[in-house]
Amino acid sequence: MRAPALPMHAADRWLLRACLWLPLAALVMFFGIPMLGIAWRSLVQDGTGGIGLGNYAALLDTPGVWRALFNSLLLGVSTTGVTLLLAFVVAYGIERTRMPGRSFTAIGMTLPVLAPSLVLGLGLIFLLGRNGVVGKALGIRPEIYGFWGLLIADVLYALPQAVLILRTALRHGDARQYDAAEVLGATPWRQFVDITLPGVRYGLLSAGFVVFTVTITDFGNAVVIGGNFQVLATEIYNQVSGQMKFGMGAVIGIVLLVPAALSVFIEHLAAQRQAGLGAESALPPTPRPHAGRDGAFFAASLVIVGSIYAVVLTVIVASFIRLWPYRLDLTLKHYDIDIAGGYAPLWTSIGVSLVAAAVGTALLFLLAFGVQRLPGRAASAARLLSALPVAVPGLVLGLAYVFTFNTADRPWGVLYGSALLLALCNYYHYHTQGFVSMMTAMRTVPTALDDATTVLGGGVARVLGDVHWPALRTTLLAIAVFLFMRSMVTLSAVIFLITPSLSMGAVTVMRLDEAGFTSQAAAFSTCIMAVVGTMALLLHLLTRQPVPSAH
(Lines give C-alpha, C1' and ligand atoms only; values in the text may rest on other atoms or scores of the structure.)
Protein backbone atom coordinates (compact mmCIF):
# COMPACT_ATOMS: atom_id res chain seq x y z
CA MET A 1 0.00 0.00 0.00
CA ARG A 2 1.38 3.43 -0.93
CA ALA A 3 1.81 6.18 1.64
CA PRO A 4 -0.75 9.02 1.55
CA ALA A 5 0.17 11.66 -1.02
CA LEU A 6 2.04 14.62 0.43
CA PRO A 7 1.63 18.22 -0.77
CA MET A 8 3.92 18.91 -3.72
CA HIS A 9 5.89 21.99 -4.56
CA ALA A 10 4.77 23.91 -7.62
CA ALA A 11 8.00 23.02 -9.42
CA ASP A 12 7.38 19.31 -8.80
CA ARG A 13 3.81 19.56 -10.07
CA TRP A 14 5.05 21.19 -13.28
CA LEU A 15 7.82 18.60 -13.67
CA LEU A 16 5.37 15.75 -13.15
CA ARG A 17 2.98 17.18 -15.73
CA ALA A 18 5.86 17.62 -18.13
CA CYS A 19 6.73 13.91 -17.75
CA LEU A 20 3.31 13.04 -19.20
CA TRP A 21 2.49 15.91 -21.49
CA LEU A 22 5.84 16.31 -23.23
CA PRO A 23 6.06 12.73 -24.60
CA LEU A 24 2.29 12.72 -25.20
CA ALA A 25 2.56 15.87 -27.31
CA ALA A 26 5.42 14.28 -29.26
CA LEU A 27 3.33 11.15 -29.76
CA VAL A 28 0.44 13.20 -31.15
CA MET A 29 2.76 15.26 -33.35
CA PHE A 30 4.83 12.43 -34.80
CA PHE A 31 2.24 9.65 -34.90
CA GLY A 32 -1.34 10.87 -34.44
CA ILE A 33 -1.23 13.80 -36.88
CA PRO A 34 0.66 11.88 -39.62
CA MET A 35 -1.93 9.09 -39.47
CA LEU A 36 -4.73 11.63 -39.82
CA GLY A 37 -2.70 13.14 -42.65
CA ILE A 38 -2.63 9.94 -44.68
CA ALA A 39 -6.38 9.50 -44.19
CA TRP A 40 -6.94 13.04 -45.43
CA ARG A 41 -4.52 12.62 -48.36
CA SER A 42 -6.44 9.56 -49.55
CA LEU A 43 -9.38 11.92 -50.16
CA VAL A 44 -7.33 14.35 -52.28
CA GLN A 45 -7.73 13.17 -55.85
CA ASP A 46 -4.63 12.71 -57.97
CA GLY A 47 -4.51 15.09 -60.94
CA THR A 48 -7.42 17.38 -60.06
CA GLY A 49 -6.61 18.01 -56.40
CA GLY A 50 -10.34 17.87 -55.55
CA ILE A 51 -11.67 16.41 -52.34
CA GLY A 52 -13.79 13.28 -52.52
CA LEU A 53 -13.79 9.53 -52.87
CA GLY A 54 -12.33 9.57 -56.38
CA ASN A 55 -9.19 7.69 -55.37
CA TYR A 56 -11.27 4.98 -53.73
CA ALA A 57 -13.43 4.76 -56.87
CA ALA A 58 -10.30 4.59 -59.02
CA LEU A 59 -9.15 1.69 -56.88
CA LEU A 60 -12.01 -0.39 -58.28
CA ASP A 61 -10.63 0.15 -61.79
CA THR A 62 -7.05 -0.70 -60.88
CA PRO A 63 -6.71 -4.44 -61.34
CA GLY A 64 -3.04 -4.36 -60.33
CA VAL A 65 -3.99 -3.35 -56.79
CA TRP A 66 -6.50 -6.17 -56.43
CA ARG A 67 -3.98 -8.63 -57.84
CA ALA A 68 -1.44 -7.34 -55.29
CA LEU A 69 -4.03 -7.69 -52.52
CA PHE A 70 -4.77 -11.27 -53.55
CA ASN A 71 -1.04 -12.05 -53.74
CA SER A 72 -0.45 -10.51 -50.32
CA LEU A 73 -3.23 -12.54 -48.72
CA LEU A 74 -2.10 -15.74 -50.48
CA LEU A 75 1.48 -15.17 -49.38
CA GLY A 76 0.42 -14.22 -45.85
CA VAL A 77 -1.71 -17.33 -45.35
CA SER A 78 0.89 -19.67 -46.90
CA THR A 79 3.76 -18.18 -44.90
CA THR A 80 1.75 -18.34 -41.70
CA GLY A 81 0.93 -22.03 -42.15
CA VAL A 82 4.50 -23.08 -42.95
CA THR A 83 6.07 -20.86 -40.29
CA LEU A 84 3.78 -22.08 -37.51
CA LEU A 85 4.62 -25.70 -38.28
CA LEU A 86 8.38 -25.11 -38.34
CA ALA A 87 8.33 -22.75 -35.36
CA PHE A 88 6.43 -25.26 -33.24
CA VAL A 89 9.00 -27.95 -34.00
CA VAL A 90 11.88 -25.66 -32.99
CA ALA A 91 10.14 -24.24 -29.90
CA TYR A 92 9.03 -27.68 -28.72
CA GLY A 93 12.51 -29.06 -29.26
CA ILE A 94 14.07 -26.29 -27.12
CA GLU A 95 11.50 -26.26 -24.31
CA ARG A 96 10.15 -29.80 -24.08
CA THR A 97 12.99 -32.10 -25.12
CA ARG A 98 16.59 -32.76 -24.11
CA MET A 99 17.85 -32.50 -27.68
CA PRO A 100 21.52 -31.43 -28.07
CA GLY A 101 22.41 -28.07 -29.62
CA ARG A 102 19.65 -26.03 -28.01
CA SER A 103 21.97 -23.03 -27.57
CA PHE A 104 23.07 -23.36 -31.20
CA THR A 105 19.41 -23.34 -32.23
CA ALA A 106 18.55 -20.36 -30.03
CA ILE A 107 21.48 -18.32 -31.40
CA GLY A 108 20.47 -19.14 -34.96
CA MET A 109 17.04 -17.73 -34.27
CA THR A 110 18.56 -14.32 -33.54
CA LEU A 111 20.34 -13.96 -36.89
CA PRO A 112 17.38 -12.62 -38.94
CA VAL A 113 16.87 -9.94 -36.28
CA LEU A 114 20.39 -8.61 -36.81
CA ALA A 115 19.99 -8.01 -40.52
CA PRO A 116 17.74 -5.99 -42.83
CA SER A 117 14.90 -8.19 -44.08
CA LEU A 118 16.19 -8.08 -47.65
CA VAL A 119 19.38 -9.90 -46.59
CA LEU A 120 17.44 -13.16 -46.51
CA GLY A 121 16.23 -12.59 -50.06
CA LEU A 122 19.77 -11.72 -51.10
CA GLY A 123 21.13 -14.91 -49.53
CA LEU A 124 18.51 -17.03 -51.27
CA ILE A 125 19.53 -15.52 -54.61
CA PHE A 126 23.18 -16.44 -53.92
CA LEU A 127 22.11 -19.99 -53.05
CA LEU A 128 19.13 -20.76 -55.28
CA GLY A 129 19.20 -18.03 -57.93
CA ARG A 130 19.95 -18.50 -61.60
CA ASN A 131 23.67 -18.14 -60.85
CA GLY A 132 23.48 -19.65 -57.38
CA VAL A 133 25.51 -22.42 -55.84
CA VAL A 134 22.78 -25.05 -56.18
CA GLY A 135 22.09 -24.27 -59.83
CA LYS A 136 25.81 -24.35 -60.66
CA ALA A 137 26.32 -27.66 -58.85
CA LEU A 138 23.34 -29.32 -60.55
CA GLY A 139 23.82 -27.68 -63.95
CA ILE A 140 20.39 -26.02 -63.92
CA ARG A 141 19.04 -22.47 -63.74
CA PRO A 142 16.41 -22.49 -60.99
CA GLU A 143 13.81 -19.71 -60.86
CA ILE A 144 13.68 -18.39 -57.30
CA TYR A 145 12.08 -15.03 -58.06
CA GLY A 146 8.37 -14.78 -57.31
CA PHE A 147 6.01 -16.56 -54.94
CA TRP A 148 8.25 -19.45 -53.86
CA GLY A 149 11.28 -17.30 -53.22
CA LEU A 150 9.18 -14.84 -51.23
CA LEU A 151 7.61 -17.68 -49.29
CA ILE A 152 11.00 -19.07 -48.21
CA ALA A 153 12.42 -15.63 -47.40
CA ASP A 154 9.37 -14.58 -45.37
CA VAL A 155 9.29 -17.88 -43.48
CA LEU A 156 12.93 -17.45 -42.45
CA TYR A 157 12.30 -13.80 -41.55
CA ALA A 158 9.20 -14.46 -39.43
CA LEU A 159 10.39 -17.70 -37.85
CA PRO A 160 12.30 -16.15 -34.89
CA GLN A 161 9.30 -14.13 -33.75
CA ALA A 162 7.00 -17.16 -33.93
CA VAL A 163 9.50 -19.32 -32.05
CA LEU A 164 9.80 -16.69 -29.32
CA ILE A 165 6.03 -16.59 -28.77
CA LEU A 166 5.64 -20.37 -28.83
CA ARG A 167 8.54 -20.89 -26.40
CA THR A 168 6.78 -18.56 -23.97
CA ALA A 169 3.53 -20.48 -24.43
CA LEU A 170 5.21 -23.85 -23.86
CA ARG A 171 6.76 -22.61 -20.62
CA HIS A 172 3.26 -22.11 -19.19
CA GLY A 173 2.66 -25.86 -18.85
CA ASP A 174 2.14 -27.59 -15.50
CA ALA A 175 4.17 -30.75 -14.84
CA ARG A 176 1.48 -32.07 -12.47
CA GLN A 177 -0.97 -32.46 -15.36
CA TYR A 178 1.50 -34.67 -17.20
CA ASP A 179 2.24 -36.68 -14.05
CA ALA A 180 -1.47 -37.29 -13.51
CA ALA A 181 -1.97 -38.29 -17.15
CA GLU A 182 0.94 -40.72 -16.93
CA VAL A 183 -0.50 -42.32 -13.80
CA LEU A 184 -3.79 -42.78 -15.64
CA GLY A 185 -1.98 -44.55 -18.47
CA ALA A 186 -2.15 -41.86 -21.14
CA THR A 187 0.38 -42.31 -23.95
CA PRO A 188 2.80 -39.47 -24.83
CA TRP A 189 0.76 -38.74 -27.95
CA ARG A 190 -2.47 -38.59 -25.89
CA GLN A 191 -0.76 -36.18 -23.46
CA PHE A 192 0.38 -34.04 -26.36
CA VAL A 193 -3.12 -33.85 -27.87
CA ASP A 194 -5.06 -33.41 -24.61
CA ILE A 195 -2.65 -31.22 -22.59
CA THR A 196 0.06 -29.60 -24.70
CA LEU A 197 -1.97 -28.42 -27.70
CA PRO A 198 -4.86 -26.90 -25.66
CA GLY A 199 -2.29 -25.17 -23.47
CA VAL A 200 -0.57 -23.42 -26.37
CA ARG A 201 -3.62 -22.67 -28.52
CA TYR A 202 -3.53 -18.95 -27.76
CA GLY A 203 0.21 -18.90 -28.33
CA LEU A 204 -0.33 -20.49 -31.74
CA LEU A 205 -3.05 -17.96 -32.53
CA SER A 206 -0.87 -15.07 -31.40
CA ALA A 207 2.14 -16.31 -33.37
CA GLY A 208 -0.01 -16.87 -36.43
CA PHE A 209 -1.28 -13.30 -36.53
CA VAL A 210 2.19 -11.88 -35.87
CA VAL A 211 3.59 -13.88 -38.79
CA PHE A 212 0.69 -12.85 -41.04
CA THR A 213 1.20 -9.17 -40.20
CA VAL A 214 4.97 -9.32 -40.70
CA THR A 215 4.51 -11.05 -44.06
CA ILE A 216 1.92 -8.77 -45.65
CA THR A 217 3.75 -5.62 -44.53
CA ASP A 218 7.28 -6.74 -45.46
CA PHE A 219 8.91 -4.66 -48.16
CA GLY A 220 12.58 -5.74 -48.17
CA ASN A 221 12.18 -9.33 -49.32
CA ALA A 222 9.41 -8.39 -51.75
CA VAL A 223 11.55 -5.83 -53.54
CA VAL A 224 14.62 -8.11 -53.74
CA ILE A 225 13.21 -11.51 -54.61
CA GLY A 226 9.56 -10.84 -55.44
CA GLY A 227 10.12 -10.45 -59.19
CA ASN A 228 6.82 -9.98 -60.98
CA PHE A 229 4.83 -11.25 -57.99
CA GLN A 230 3.47 -7.88 -56.85
CA VAL A 231 2.24 -7.45 -53.29
CA LEU A 232 0.65 -4.45 -51.56
CA ALA A 233 3.94 -3.20 -50.11
CA THR A 234 5.61 -3.01 -53.52
CA GLU A 235 2.41 -1.64 -55.08
CA ILE A 236 2.47 1.36 -52.70
CA TYR A 237 6.12 1.96 -53.62
CA ASN A 238 5.32 1.79 -57.34
CA GLN A 239 2.33 4.12 -57.06
CA VAL A 240 4.25 6.76 -55.08
CA SER A 241 7.83 6.54 -56.37
CA GLY A 242 7.14 5.20 -59.86
CA GLN A 243 3.91 6.93 -60.89
CA MET A 244 3.80 9.82 -58.38
CA LYS A 245 0.19 8.95 -57.49
CA PHE A 246 0.28 10.00 -53.86
CA GLY A 247 -3.48 9.80 -53.37
CA MET A 248 -3.63 6.25 -54.69
CA GLY A 249 -0.61 5.38 -52.55
CA ALA A 250 -2.47 6.68 -49.50
CA VAL A 251 -5.54 4.61 -50.39
CA ILE A 252 -3.46 1.43 -50.78
CA GLY A 253 -1.77 2.26 -47.48
CA ILE A 254 -5.16 2.32 -45.77
CA VAL A 255 -6.07 -0.96 -47.47
CA LEU A 256 -2.84 -2.45 -46.11
CA LEU A 257 -3.58 -0.98 -42.70
CA VAL A 258 -6.89 -2.84 -42.31
CA PRO A 259 -5.66 -6.48 -42.25
CA ALA A 260 -2.54 -5.50 -40.31
CA ALA A 261 -4.55 -3.66 -37.65
CA LEU A 262 -7.07 -6.51 -37.42
CA SER A 263 -4.28 -9.05 -37.00
CA VAL A 264 -2.59 -7.02 -34.28
CA PHE A 265 -5.89 -6.60 -32.42
CA ILE A 266 -6.61 -10.35 -32.46
CA GLU A 267 -3.00 -11.12 -31.54
CA HIS A 268 -3.31 -8.76 -28.58
CA LEU A 269 -6.41 -10.58 -27.33
CA ALA A 270 -4.74 -13.96 -27.79
CA ALA A 271 -1.62 -12.80 -25.91
CA GLN A 272 -3.79 -11.67 -22.99
CA ARG A 273 -5.56 -15.04 -22.89
CA GLN A 274 -2.22 -16.85 -23.04
CA ALA A 275 -0.85 -14.75 -20.16
CA GLY A 276 -3.94 -15.62 -18.13
CA LEU A 277 -3.24 -19.33 -18.45
CA GLY A 278 -0.06 -19.20 -16.38
CA ALA A 279 -0.72 -20.00 -12.72
CA GLU A 280 1.84 -18.93 -10.12
CA SER A 281 1.69 -22.38 -8.50
CA ALA A 282 2.31 -24.22 -11.79
CA LEU A 283 5.42 -26.40 -12.01
CA PRO A 284 7.15 -26.04 -15.39
CA PRO A 285 7.59 -29.43 -17.08
CA THR A 286 11.12 -30.81 -16.97
CA PRO A 287 11.72 -33.06 -19.98
CA ARG A 288 13.34 -36.42 -19.36
CA PRO A 289 15.90 -37.81 -21.84
CA HIS A 290 14.35 -39.84 -24.67
CA ALA A 291 16.81 -40.85 -27.36
CA GLY A 292 14.36 -41.30 -30.22
CA ARG A 293 12.35 -38.14 -29.59
CA ASP A 294 15.40 -35.99 -28.85
CA GLY A 295 17.22 -37.23 -31.94
CA ALA A 296 14.22 -36.54 -34.19
CA PHE A 297 13.77 -32.99 -32.91
CA PHE A 298 17.51 -32.34 -33.14
CA ALA A 299 17.55 -33.43 -36.79
CA ALA A 300 14.48 -31.34 -37.65
CA SER A 301 15.79 -28.26 -35.82
CA LEU A 302 19.19 -28.64 -37.45
CA VAL A 303 17.59 -28.52 -40.90
CA ILE A 304 15.40 -25.52 -40.04
CA VAL A 305 18.00 -23.44 -38.20
CA GLY A 306 20.71 -24.62 -40.57
CA SER A 307 18.75 -22.94 -43.37
CA ILE A 308 18.96 -19.62 -41.54
CA TYR A 309 22.68 -20.05 -40.87
CA ALA A 310 23.25 -21.04 -44.50
CA VAL A 311 21.41 -18.05 -45.96
CA VAL A 312 22.98 -15.43 -43.67
CA LEU A 313 26.48 -16.89 -43.82
CA THR A 314 26.25 -17.14 -47.61
CA VAL A 315 25.72 -13.37 -47.79
CA ILE A 316 28.79 -12.82 -45.60
CA VAL A 317 30.95 -15.26 -47.55
CA ALA A 318 29.76 -13.92 -50.92
CA SER A 319 30.91 -10.45 -49.90
CA PHE A 320 34.51 -11.79 -49.84
CA ILE A 321 34.29 -13.79 -53.10
CA ARG A 322 35.68 -12.22 -56.28
CA LEU A 323 32.95 -13.40 -58.68
CA TRP A 324 30.17 -15.46 -57.13
CA PRO A 325 30.03 -18.43 -57.81
CA TYR A 326 32.54 -18.66 -60.68
CA ARG A 327 35.79 -17.29 -59.20
CA LEU A 328 35.87 -18.27 -55.55
CA ASP A 329 39.16 -16.63 -54.56
CA LEU A 330 38.91 -14.25 -51.63
CA THR A 331 39.02 -10.49 -52.03
CA LEU A 332 38.10 -7.29 -50.22
CA LYS A 333 37.31 -5.35 -53.38
CA HIS A 334 33.56 -5.45 -52.79
CA TYR A 335 34.07 -3.45 -49.61
CA ASP A 336 35.57 -0.65 -51.69
CA ILE A 337 32.14 0.86 -52.26
CA ASP A 338 32.30 4.15 -54.11
CA ILE A 339 28.79 4.23 -55.54
CA ALA A 340 25.45 5.04 -53.91
CA GLY A 341 27.24 7.41 -51.53
CA GLY A 342 29.90 4.96 -50.41
CA TYR A 343 29.79 4.33 -46.67
CA ALA A 344 28.13 7.65 -45.85
CA PRO A 345 24.69 5.96 -45.50
CA LEU A 346 26.15 3.53 -42.94
CA TRP A 347 27.41 6.41 -40.78
CA THR A 348 24.07 8.13 -41.25
CA SER A 349 22.29 4.98 -40.08
CA ILE A 350 24.49 4.77 -37.00
CA GLY A 351 23.89 8.43 -36.17
CA VAL A 352 20.14 8.22 -36.79
CA SER A 353 19.91 5.02 -34.76
CA LEU A 354 21.79 6.55 -31.83
CA VAL A 355 19.42 9.53 -31.85
CA ALA A 356 16.38 7.23 -32.10
CA ALA A 357 17.69 5.17 -29.18
CA ALA A 358 18.54 8.15 -26.96
CA VAL A 359 15.45 10.27 -27.69
CA GLY A 360 13.12 7.27 -27.77
CA THR A 361 14.34 5.80 -24.48
CA ALA A 362 14.11 9.17 -22.71
CA LEU A 363 10.57 9.81 -24.01
CA LEU A 364 9.44 6.30 -23.08
CA PHE A 365 10.92 6.66 -19.59
CA LEU A 366 9.10 9.93 -18.99
CA LEU A 367 5.86 8.73 -20.58
CA ALA A 368 5.68 5.53 -18.53
CA PHE A 369 6.46 7.47 -15.34
CA GLY A 370 3.85 10.12 -16.17
CA VAL A 371 1.17 7.54 -17.03
CA GLN A 372 1.82 5.71 -13.77
CA ARG A 373 1.86 8.82 -11.55
CA LEU A 374 -0.89 10.87 -13.21
CA PRO A 375 -3.81 8.55 -13.97
CA GLY A 376 -6.64 10.25 -15.79
CA ARG A 377 -7.90 11.02 -19.28
CA ALA A 378 -4.50 12.17 -20.53
CA ALA A 379 -2.89 8.96 -19.28
CA SER A 380 -5.65 6.88 -20.90
CA ALA A 381 -5.16 8.74 -24.18
CA ALA A 382 -1.41 8.13 -23.93
CA ARG A 383 -1.97 4.39 -23.37
CA LEU A 384 -4.33 4.18 -26.36
CA LEU A 385 -2.06 6.13 -28.69
CA SER A 386 0.96 4.12 -27.54
CA ALA A 387 -0.74 0.85 -28.48
CA LEU A 388 -1.50 1.91 -32.07
CA PRO A 389 1.91 2.19 -33.82
CA VAL A 390 2.43 -1.59 -33.77
CA ALA A 391 -0.54 -1.93 -36.15
CA VAL A 392 0.88 0.54 -38.69
CA PRO A 393 3.18 -0.91 -41.38
CA GLY A 394 6.45 0.98 -41.85
CA LEU A 395 5.60 1.95 -45.44
CA VAL A 396 2.33 3.54 -44.31
CA LEU A 397 4.00 5.47 -41.48
CA GLY A 398 6.78 6.70 -43.78
CA LEU A 399 4.26 7.83 -46.39
CA ALA A 400 2.26 9.59 -43.69
CA TYR A 401 5.42 11.49 -42.69
CA VAL A 402 5.84 12.66 -46.29
CA PHE A 403 2.30 14.05 -46.37
CA THR A 404 2.71 15.75 -42.97
CA PHE A 405 6.22 17.15 -43.03
CA ASN A 406 6.83 17.84 -46.72
CA THR A 407 5.16 21.21 -46.26
CA ALA A 408 7.54 24.13 -46.58
CA ASP A 409 4.81 26.64 -45.63
CA ARG A 410 4.40 25.18 -42.12
CA PRO A 411 6.87 25.42 -39.21
CA TRP A 412 7.36 21.66 -38.88
CA GLY A 413 8.30 21.50 -42.55
CA VAL A 414 11.89 22.34 -41.58
CA LEU A 415 12.23 18.78 -40.26
CA TYR A 416 11.66 17.25 -43.71
CA GLY A 417 14.86 15.81 -45.12
CA SER A 418 16.62 15.87 -41.76
CA ALA A 419 18.25 13.03 -39.84
CA LEU A 420 16.12 13.92 -36.82
CA LEU A 421 12.91 13.14 -38.72
CA LEU A 422 14.34 9.76 -39.82
CA ALA A 423 15.18 9.01 -36.19
CA LEU A 424 11.71 9.98 -34.97
CA CYS A 425 10.04 7.90 -37.72
CA ASN A 426 12.10 4.86 -36.73
CA TYR A 427 11.36 5.40 -33.06
CA TYR A 428 7.61 5.73 -33.47
CA HIS A 429 7.59 2.71 -35.77
CA TYR A 430 8.66 0.61 -32.76
CA HIS A 431 7.12 2.78 -30.05
CA THR A 432 4.58 0.19 -28.86
CA GLN A 433 7.13 -2.52 -28.11
CA GLY A 434 9.25 -0.08 -26.10
CA PHE A 435 6.24 1.31 -24.22
CA VAL A 436 4.99 -2.13 -23.21
CA SER A 437 8.46 -3.11 -21.97
CA MET A 438 8.85 0.15 -20.04
CA MET A 439 5.43 -0.10 -18.39
CA THR A 440 6.11 -3.71 -17.40
CA ALA A 441 9.44 -2.76 -15.85
CA MET A 442 7.97 0.33 -14.16
CA ARG A 443 5.61 -1.90 -12.17
CA THR A 444 8.61 -3.69 -10.64
CA VAL A 445 10.01 -0.53 -9.01
CA PRO A 446 9.55 -0.93 -5.21
CA THR A 447 6.83 1.49 -4.11
CA ALA A 448 8.40 1.57 -0.63
CA LEU A 449 11.50 3.28 -2.01
CA ASP A 450 9.35 5.68 -3.98
CA ASP A 451 7.29 6.58 -0.91
CA ALA A 452 10.34 6.85 1.36
CA THR A 453 12.02 9.31 -0.99
CA THR A 454 8.87 11.43 -1.08
CA VAL A 455 8.40 11.36 2.71
CA LEU A 456 12.02 12.45 3.20
CA GLY A 457 11.37 15.52 1.10
CA GLY A 458 12.68 14.32 -2.24
CA GLY A 459 10.86 15.85 -5.19
CA VAL A 460 9.96 14.33 -8.55
CA ALA A 461 13.50 14.80 -9.83
CA ARG A 462 14.95 12.86 -6.87
CA VAL A 463 12.39 10.07 -7.32
CA LEU A 464 13.32 9.81 -10.99
CA GLY A 465 17.07 10.01 -10.41
CA ASP A 466 17.49 8.07 -7.15
CA VAL A 467 14.75 5.42 -7.42
CA HIS A 468 13.53 4.80 -10.95
CA TRP A 469 16.79 5.34 -12.82
CA PRO A 470 18.81 2.76 -10.81
CA ALA A 471 15.91 0.28 -10.73
CA LEU A 472 15.25 0.51 -14.47
CA ARG A 473 18.81 0.90 -15.71
CA THR A 474 18.94 -2.55 -17.31
CA THR A 475 15.54 -2.11 -18.95
CA LEU A 476 16.48 1.32 -20.26
CA LEU A 477 19.66 -0.10 -21.75
CA ALA A 478 17.78 -3.01 -23.34
CA ILE A 479 15.17 -0.67 -24.87
CA ALA A 480 17.87 1.68 -26.17
CA VAL A 481 19.70 -1.20 -27.85
CA PHE A 482 16.42 -2.55 -29.25
CA LEU A 483 15.58 0.84 -30.79
CA PHE A 484 19.12 1.15 -32.15
CA MET A 485 19.06 -2.32 -33.73
CA ARG A 486 15.65 -1.91 -35.35
CA SER A 487 16.54 1.55 -36.62
CA MET A 488 19.72 0.18 -38.21
CA VAL A 489 17.94 -2.55 -40.19
CA THR A 490 14.55 -1.05 -41.02
CA LEU A 491 13.88 -0.25 -44.65
CA SER A 492 10.16 0.27 -45.13
CA ALA A 493 9.72 3.18 -42.71
CA VAL A 494 12.45 5.33 -44.27
CA ILE A 495 12.26 4.44 -47.95
CA PHE A 496 10.07 7.50 -48.70
CA LEU A 497 12.00 9.86 -46.41
CA ILE A 498 15.57 9.52 -47.62
CA THR A 499 17.10 12.10 -49.95
CA PRO A 500 20.06 11.90 -52.35
CA SER A 501 22.25 13.51 -49.68
CA LEU A 502 20.77 11.65 -46.70
CA SER A 503 20.35 7.92 -47.25
CA MET A 504 20.28 4.97 -44.87
CA GLY A 505 22.24 1.72 -44.88
CA ALA A 506 19.33 -0.63 -45.59
CA VAL A 507 18.21 1.58 -48.49
CA THR A 508 21.74 1.51 -49.91
CA VAL A 509 21.68 -2.30 -49.87
CA MET A 510 18.47 -2.18 -51.89
CA ARG A 511 19.91 0.37 -54.35
CA LEU A 512 23.07 -1.69 -54.87
CA ASP A 513 21.03 -4.84 -55.48
CA GLU A 514 18.71 -3.05 -57.90
CA ALA A 515 21.75 -1.80 -59.83
CA GLY A 516 23.12 -5.33 -60.13
CA PHE A 517 25.98 -4.86 -57.62
CA THR A 518 24.91 -7.85 -55.55
CA SER A 519 28.37 -8.51 -54.09
CA GLN A 520 28.65 -4.90 -52.92
CA ALA A 521 25.13 -5.22 -51.49
CA ALA A 522 26.33 -8.29 -49.58
CA ALA A 523 29.37 -6.36 -48.32
CA PHE A 524 27.23 -3.46 -47.14
CA SER A 525 24.80 -5.89 -45.47
CA THR A 526 27.72 -7.52 -43.66
CA CYS A 527 28.80 -4.14 -42.31
CA ILE A 528 25.28 -3.47 -41.00
CA MET A 529 25.12 -6.90 -39.38
CA ALA A 530 28.54 -6.34 -37.79
CA VAL A 531 27.38 -3.08 -36.21
CA VAL A 532 24.08 -4.54 -34.97
CA GLY A 533 25.74 -7.74 -33.76
CA THR A 534 28.30 -5.72 -31.81
CA MET A 535 25.53 -3.81 -30.06
CA ALA A 536 23.71 -7.06 -29.23
CA LEU A 537 26.93 -8.50 -27.80
CA LEU A 538 27.53 -5.36 -25.71
CA LEU A 539 24.00 -5.59 -24.34
CA HIS A 540 24.60 -9.22 -23.40
CA LEU A 541 27.86 -8.39 -21.62
CA LEU A 542 26.44 -5.39 -19.78
CA THR A 543 23.26 -7.10 -18.59
CA ARG A 544 24.41 -10.64 -17.83
CA GLN A 545 24.08 -11.67 -14.22
CA PRO A 546 27.30 -12.49 -12.35
CA VAL A 547 27.75 -16.17 -11.55
CA PRO A 548 27.43 -16.64 -7.78
CA SER A 549 30.58 -17.85 -6.05
CA ALA A 550 30.60 -21.41 -4.73
CA HIS A 551 32.19 -20.22 -1.49
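**A tour from M35 to helices α20, α22 and α23**

Select M35 to begin: apart from neighbours within four places in sequence, M35 is in contact with L257, V392, V396, L397 and A400 (contact means heavy atoms within 4.5 Å). The model is a predicted one, in which local features need pLDDT of at least 70 and side-chain atom pairs count only at pLDDT 80 or more, while totals for chains, interfaces and linings use all residues. Residues are numbered from 1 along each chain as its sequence is written, and side-chain values use heavy atoms, without hydrogens and water.

Next, display the largest nonpolar core, which has 165 residues. Such a core is a set of buried Ala, Val, Leu, Ile, Met, Phe, Trp, Tyr and Cys residues joined through side-chain atoms within 4.5 Å, buried being under 20% relative accessible area with a 1.4 Å probe, protein chains only. M35 is among the residues with the most contacts inside this core, together with F30, Y401, Y428, I495 and F496.

Now select helix α22, residues 460–471 (helices are DSSP runs of H or I, at least four residues, numbered from the N terminus). Its buried residues are V460, V463, L464, V467 and H468. They lie on the same side of α22, because they cover an arc of only 125° around the axis, taken from the directions from the helix axis to the C-beta atoms. These residues pack against α1, α16, α20 and α21.

Finally, add α20 (431–442) and α23 (473–489). Q433, G434, S437, M438 and A441 in α20 meet T475, L476, I479 and F482 in α23.

Key:
Buried < 20%, exposed > 50% of the residue type's maximum accessible area, 1.4 Å probe, protein only. Helix = DSSP H or I, 4+ residues; strand = E, 2+ residues; numbered from the N terminus. Axes fitted to C-alpha atoms, helices over the stretch in contact; angles between N-to-C directions.
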